[in-house]
Amino acid sequence: MAEPVAGVGRFKANYAVERKIEPFYKGGKVQLDQTGQHLFCICGTRVNILDVASGAVLRSLEQEDQEDITAFDLSPDNEVLVTASRALLLAQWAWREGSITRLWKAVHTAPVATMAFDPTSTLLATGGCDGAVRVWDVVRHYGTHHFRGSPGVVHLVAFHPDPARLLLFSSAADTTIRAWSLQDQSCLAVMTAHYSAVTSLTFSADGHTMLSSGRDKICVVWDLRSHQATRTVPVFESMEAAVLLPEEPAPELGVKSKGLHFLTAGDQGLLRVWEAASGQCVYMQQQPPGPRQELTHCSLAHSANLLLTVTADHNLLLYETRSLQLQKQFAGYSEEVLDVRFLGPEDSHIVVASNSPSLKVFELQTMACQILHGHTDIVLALDVFRKGRLFASCAKDQSMCLWRMNKAGKVTRVAQGSGHTHSVGAVCCSRLKETFLVTGSQDCTVKVWPVPEALLSKGAAPDGGPVLLQAQATQRCHDKDINSVAIAPNDKLLATGSQDRTAKLWSLPQCQLLGIFSGHRRGLWCVQFSPMDQVLATASADGTVKLWALQDFSCLKTFEGHDASVLKVAFVSRGTQLLSSGSDGLLKLWTIKNNECVKTLDAHEDKVWGLHCSRLDDRALTGASDSCVILWKDVTEVEQAEEQARREEEVVKQQELDNLLHEKRYLRALGLAISLDRPHTVLTVIQAIRRDPEACEKLGATVLRLRRDQKEALLRFCVTWNTNSRHCHDAQAVLGVLLRHEPPEELLAYPGMQASLEALLPYTERHFQRLSRTLQAATFLDFLWHNMKLPTLPAAPSVAPSAL
């Protein structure tokens with residue numbers, strides 16, 4: 001292995017989450033405010049509020065019961081939002097602040113299925129799964145009406161647009177529409193015309209006409225003065241919504257007269273405009289490529305001149321009302337993310353392949369979304385050419401597609417190729433130039449596809465549509481599914497990884513076998529060439545990553561650490577480190593030289609299928625089965641700079657501390673030591689104070705002048721010191737000062753005081769017991785000493801000198 005180049009191969013130590021693209025809509029109601037600036041949608045237990053301009057989630061509102069939201073509605077004046085949960089509670093929100101202003105029981109005996117405000121924003125109607133319709137005064141906070149008589153679930157309620165008429169309409173499981181009078185508190189009429197569930201009710205500007213749509217493939221125009229159907233329009237598709245258009249000419253939509261026109265959305269996935277008088281379709285939206293996507297919702301924001309539609313795979317589309325020009329696209333839910341790639345010369349965009357035939361392209365700066373249609377089945381893999389504008393996708397529909405992003409960021413399909421006989425699960429683009437790409441399939445073959453020069457020079461698909469590519473070479477490579485293909489940096493070698501537990505090396509463009517890498521115990525999910533060395537990395541379902549030498553096909557290193565299959569591997573730091581992702585939801589950063597796992601990153605909750613690194617090697621992108629896409633930023637240099645600054649600051653503070661102790665400025669020294677959060681340094685200061693001849697007075701004066709937070713920290717340190725017999729005297733001295741001078745109420749107000757007392761008491765008792773034993777031993781020794789004293793010896797007789 002080559003050593004890292006000085007100053008270039010600096011090892012990475014950590015990544016941090018820079019941005020997370022999460023699901024914000026998982027089905028159910030969506031609603032635009034009247035200004036068209038905010039979009040409200042249900043996501044499980046929350047109602048998310050999106051900023052339409054940026055696509056960012058501004059607020060996520062969740063009721064205290066944390067149950068799934070079953071219905072919500074925003075008042076016409078955009079001020080009040082009411083949500084209903086499975087716990088049968090209604091919550092009234094000041095949604096701009098994100099706070100609940102009122103919470104009350106729904107009184108329904110089953111969850112609320114639908115709700116609607118009246119035009120004055122004062123009355124709220126709720127329809128329940130118990131067949132009841134209730135009306136609430138949200139200003140005075142009480143229930144005004146309770147209407148019974150609807151069989152089954154009431155799934156639709158709507159107030160008449162004229163508040164003076166006090167009419168409420170509802171529809172339930174019996175496919176009828178009931179008109180309720182709030183004034184008489186009775187059912188005025190039961191309107192029958194539909195044979196299946198009624199999906200929407202909308203009213204004309206004068207309030208005399210109502211339009212209903214149903215899943216029985218008809219729309220019915222009602223005269224509200226007689227409550228009779230005046231016209232039934234067959235629309236030949238199961239309807240999810242119909243909206244009445246403003247009564248003014250719109251030539252682009254085929255509306256040439258002032259009569260009643262309405263727009264429909266249903267299971268054919270196309271918006272169509274109908275003339276009510278003749279029952280004729282005057283406009284039909286163009287069918288996008290790919291499979292048909294059923295529309296599940298359609299609503300109109302009149303003052304904003306916007307039309308909102310929702311597709312069955314949770315994509316939200318905003319159109320300009322007069323021309324049906326697409327203004328915005330939002331991907332509400334990506335389900336299982338299967339692959340991700342950076343796009344653009346400066347990695348300004350990302351492309352995401354999820355459990356869907358469509359691709360999603362996000363601009364990282366604004367999070368603007370494009371939804372690309374071209375495949376007819378789930379897209380399985382992606383890869384990008386070196387310049388970043390041309391990229392390839394392959395899918396279960398046995399085909400591959402080439403896409404190009406122009407300078408404005410708009411992506412179009414420029415070519416496609418087919419020829420495999422099974423799902424195409426792997427694709428790789430040439431590394432040096434945009435000359436060819438390779439696909440690998442479940443039919444156990446790889447195909448080499450040359451990119452026509454004419455396509456590159458034109459830079460876009462011709463008017464006739466995408467160019468059809470022809471495979472230059474086809475080679476049967478393995479006995480089982482091919483999961484991964486990789487092209488060497490010099491475009492002369494191809495590596496394939498298969499479910500048959502082997503990787504193979506081939507020469508390009510003839511696809512001649514050069515050697516086999518065998519050693520994994522289970523199938524291979526990913527193969528990757530090193531950008532610097534003649535080395536191949538393989539990731540396997542046996543939970544390991546292996547490095548192989550291209551010269552002799554021997555295994556150089558094995559990296560073990562994942563608890564489950566390793567799904568992707570990528571070289572970083574100029575080929576000196578590896579980044580791997582697994583089905584355990586973890587990302588691991590490895591240093592090749594010493595086989596060390598430097599960092600484990602845990603931000604996903606399921607299999608991490610997609611992994612890609614930016615061309616500057618400073619960011620990484622991951623996508624997982626938890627439907628989240630995470631952008632990671634290399635924070636190694638930032639953390640090293642922070643650590644260096646912290647060390648320098650500590651050195652300066654240590655020097656300052658030494659100076660303060662030398663100058664006997666104990667208060668400043670103690671405060672500084674506590675701010676360093678180093679118990680031993682604080683102990684040194686306390687010991688220095690206690691060595692002073694006037695220790696008692698100085699210790700008391702110093703401790704009592706500390707701030708409350710400093711006293712709390714000091715008490716915390718005392719607990720630690722008190723566990724050691726050598727330092728317990730210092731701890732007890734500080735405790736003595738605090739207990740003598742601080743009121744008990746104030747001490748008890750310290751956070752964690754009870755835990756500190758529980759920790760102090762046993763050790764304090766032990767210290768006192770030891771002191772008692774020492775005192776007893778000293779007293780006993782004193783007693784022995786006094787009793788062992790010998791009586792005074794008599795003086796020796798004096799001898800006269802003469803006797804000598």
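These exercises work through helix packing, strand pairing, cysteines and backbone geometry in one predicted model.

Residues are numbered from 1 along each chain as its sequence is written, and side-chain values use heavy atoms, with hydrogens and water left out. In this predicted model, local features need pLDDT of at least 70 and side-chain atom pairs count only at pLDDT 80 or more, while totals for chains, interfaces and linings use all residues.

**Exercise 1. Describe how helix α7 packs against α6 and α9.**

Solution.
- Step 1: set the terms. Helices (H or I, at least four residues) and strands (E, at least two) are DSSP runs, numbered from the N terminus. Axes are lines fitted to C-alpha atoms, for helices over the stretch in contact, and angles between N-to-C directions run from 0 to 180 degrees. Two packed helices are described by the angle between their axes and the distance between the axes.
- Step 2: take α6 (residues 708–721). Its axis lies 9 Å from that of α7, at an angle of about 145°. The crossing of α6 past α7 is left-handed (the near helix is turned anticlockwise from the far one by less than a right angle; clockwise would be right-handed).
- Step 3: list the contact (heavy atoms within 4.5 Å). Lys711, Leu714, Leu715, Cys718 and Trp721 of α6 meet Cys728, Ala731, Val734, Leu735 and Leu738 of α7. By class, that gives nine nonpolar, no polar and one charged residues. Here Ala, Val, Leu, Ile, Met, Phe, Trp, Tyr, Cys and Pro count as nonpolar, Asp, Glu, Lys and Arg as charged, and the others, Gly among them, as polar.
- Step 4: turn to α9 (residues 753–787). The axes of α7 (residues 728–741) and α9 come within 12 Å and cross at roughly 115°. This crossing is left-handed.
- Step 5: list that contact. From α7 come Cys728, His729, Gln732 and Leu735; from α9 come Leu760, Thr764, His767, Arg770 and Leu771. The α7–α9 contact has four nonpolar, four polar and one charged residues.
- Step 6: place His741. This residue sits in α7. Its C-alpha atom is 7.9 Å from that of Leu704, 37 residues away along the chain.

**Exercise 2. Work out the order and edges of the sheet that contains β1.**

Solution.
- Step 1: apply the pairing rule. Two strands pair if DSSP finds at least two bridges between them.
- Step 2: read the order. Four strands form an open antiparallel sheet, β1-β57-β56-β55.
- Step 3: find the edges. β1 (15–21) and β55 (608–613) each have a single partner strand, so one side of each lacks a neighbour in the sheet. The twist averages 25° from one strand to the next.
- Step 4: check one pair. β55 and β56 (residues 619–624) run antiparallel and share five bridges. His612 is bridged to Leu621 in β56.
- Step 5: look at the loop between β56 and β57 (629–634), which holds Ser627. The phi of Ser627 is near 65°, positive in a residue other than glycine. Ser627 is buried at 5% relative accessible area (buried is under 20%, exposed over 50%, partly exposed in between; 1.4 Å probe, protein chains only).

**Exercise 3. Analyse the hairpins β38–β39 and β24–β25.**

Solution.
- Step 1: β38 (residues 424–429) has five of its six residues buried. Five bridges join β38 to antiparallel β39 (residues 436–441).
- Step 2: Cys428 has Val438 of β39 as its bridge partner. Six residues lie between the two strands of this hairpin.
- Step 3: β24 (residues 272–275) and β25 (residues 280–284) pair antiparallel over four bridges. Glu275 is bridged to Gln280 in β25.
- Step 4: four residues separate β24 and β25, and Gly279 in this hairpin takes a positive phi near 75°.

**Exercise 4. How many disulfides does the structure hold, and where do Cys444 and Cys555 stand?**

Solution.
- Step 1: a disulfide is a covalent bond between the sulfur atoms of two cysteines. The cut-off is a pair of sulfur atoms within 2.5 Å.
- Step 2: the structure holds zero disulfides. For Cys444, the nearest cysteine sulfur is that of Cys477, 9.2 Å away.
- Step 3: Cys444 is buried, at 7% relative accessible area.
- Step 4: the sulfur of Cys555 is 16 Å from its closest cysteine sulfur, in Cys526, too far for a bond. Cys555 is partly exposed at 37%.

**Exercise 5. Locate the cis peptide bond from Leu508 to Pro509.**

Solution.
- Step 1: omega is near 5° for this bond.
- Step 2: Pro509 lies in the loop between β45 (502–507) and β46 (512–518).
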